Amino acid sequence: MSTTPDRMPEFDLAVAEQVLEAQPFSRLLKTRITAFGDGAAVLELDIREELAQQNGFLHGGVLAYAADNSLTFAAGSALGPSVLTAGFSIQYLRPARGRTLLARAEVVHAGRRQAVARCDLVCVDDDGTETLCAVAQGTVLNTAGS
């Protein structure tokens, strides 16, 4: 990370990609971060058979992981890189199926110590049609100096 006088280290898409790559579970799921900054983040992962539940839909745990991580990245873009999820809730709207899962999160409110963010979880099918399958909201804490 580079620093400039009177500024915190730069936390940009390149650094966010390194943070994501450092997470073994994210590597296992082959997650990608495709947008990051200004209180927002987008994570993507390919929907594969080994991520399905017994009815063939993407497992809810994968959706929850994507929501949690995208909420935290979005909040991290507002609070800085030292953040942890304090809690989140998720509502499943319809079965998740398609080619790709997108987790689009953005900060709703940020203070110095915490941020609240919202995430839309969207499945994209082979022809590019997007279907909202879940929504989540969470609180993320700034752990710098803790």
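How many residues lie between S1 and S2 in the hairpin that they form, and which residue in the turn has a positive phi? In this predicted model, the hairpin of S1 and S2 has two residues between the strands, and Asp38 in the turn is the residue with a positive phi, of about 55°. Asp38, which is not a glycine, sits in the loop that joins S1 to strand S2 (40-46), and with a relative accessibility of 84% it counts as exposed.

The two arms of this hairpin pair in the antiparallel sense, with five bridges between S1 and S2. One position at which the pairing can be followed is Ala35, whose bridge partner in S2 is Val42. Val42 in turn has a bridge partner in S4, namely Arg104, and this belongs to the antiparallel pairing of S2 with strand S4 (residues 100-110), which runs over seven bridges. A reader who begins at Ala35 can therefore step to Val42 in S2 and from Val42 to Arg104 in S4.

A positive phi also occurs just ahead of the hairpin. Lys30, again a residue other than glycine, has a phi of about 60°, and its place is the loop between helix H2 (24-29) and strand S1 (32-37). Lys30 counts as exposed, since its relative accessibility is 54%.

From the strands we may turn to the helices, starting with H1. In helix H1 (residues 13-21) the buried residues are Val15, Ala16 and Leu20. Because these residues cover an arc of only 140° around the axis, they are on the same side of H1. What do the buried residues of H1 pack against? Their packing partners are H2, S1, S2 and H3, so that the two strands of the hairpin are included among them, the hairpin being the one formed by S1 and S2.

The aromatic side chains give another view of how the parts meet. A pair of aromatic rings is described by the distance of the centres and the angle of the planes. Searching the whole structure yields three aromatic pairs. One of them joins Phe25 and Tyr65, whose ring centres are 5.3 Å apart and whose planes stand at 80°, so this pair is edge-to-face. The two residues are 40 residues apart and the pair links distant parts of the chain, with Phe25 in helix H2 and Tyr65 in helix H3 (residues 60-79). Their surroundings are not alike in accessibility: Phe25 is partly exposed, at a relative accessible area of 46%, whereas Tyr65 is buried, at 12%.

Another of the pairs is that of Phe36 and Phe73, where the centres lie 6.3 Å apart and the planes are at 90°, so that this pair too is edge-to-face. Since Phe36 belongs to strand S1 and Phe73 to helix H3, the pair ties together parts that are 37 residues apart in sequence. Phe36 and Phe73 are both buried, and ring pairs link them with Phe11 into a cluster.

Next come the cysteines, where the question is why Cys123 has no bond to the closest cysteine sulfur. A search of the whole structure finds zero disulfides. The cysteine sulfur closest to that of Cys123 belongs to Cys133 and is 3.6 Å away, which is too far for a bond, because a disulfide requires the two sulfur atoms to be within 2.5 Å. Seen from the other side, Cys133 is likewise in no disulfide, and its nearest cysteine sulfur is that of Cys123, at 3.6 Å. Cys123 counts as buried, with a relative accessibility of 3%, and Cys133 is buried as well, with a relative accessible area of 1%.

The last stop is Arg113, in the loop between S4 and strand S5 (114-124). With 64% relative accessibility, Arg113 counts as exposed. Which residues is Arg113 in contact with, once its neighbours within four places in sequence are left aside? They are Val140, Leu141 and Asn142. Leu13, by comparison, is 100 residues from Arg113 along the chain, and the C-alpha atoms of these two residues are separated by 22 Å.

Terms used: Residues are numbered from 1 along each chain as its sequence is written. This is a predicted model: local features need pLDDT of at least 70, side-chain atom pairs count only at pLDDT 80 or more; totals for chains, interfaces and linings use all residues. Side-chain values use heavy atoms; hydrogens and water are left out. Buried means under 20% relative accessible area, exposed over 50%, partly exposed in between (1.4 Å probe, protein chains only). Helices (H or I, at least four residues) and strands (E, at least two) are DSSP runs, numbered from the N terminus. Rings of Phe, Tyr and Trp (its six-membered ring) pair if their centres lie within 6.5 Å; planes under 30 degrees apart count as stacked, over 60 as edge-to-face and the rest as tilted. Two strands pair if DSSP finds at least two bridges between them. The arc is that of the directions from the helix axis to the C-beta atoms. Contact means heavy atoms within 4.5 Å.
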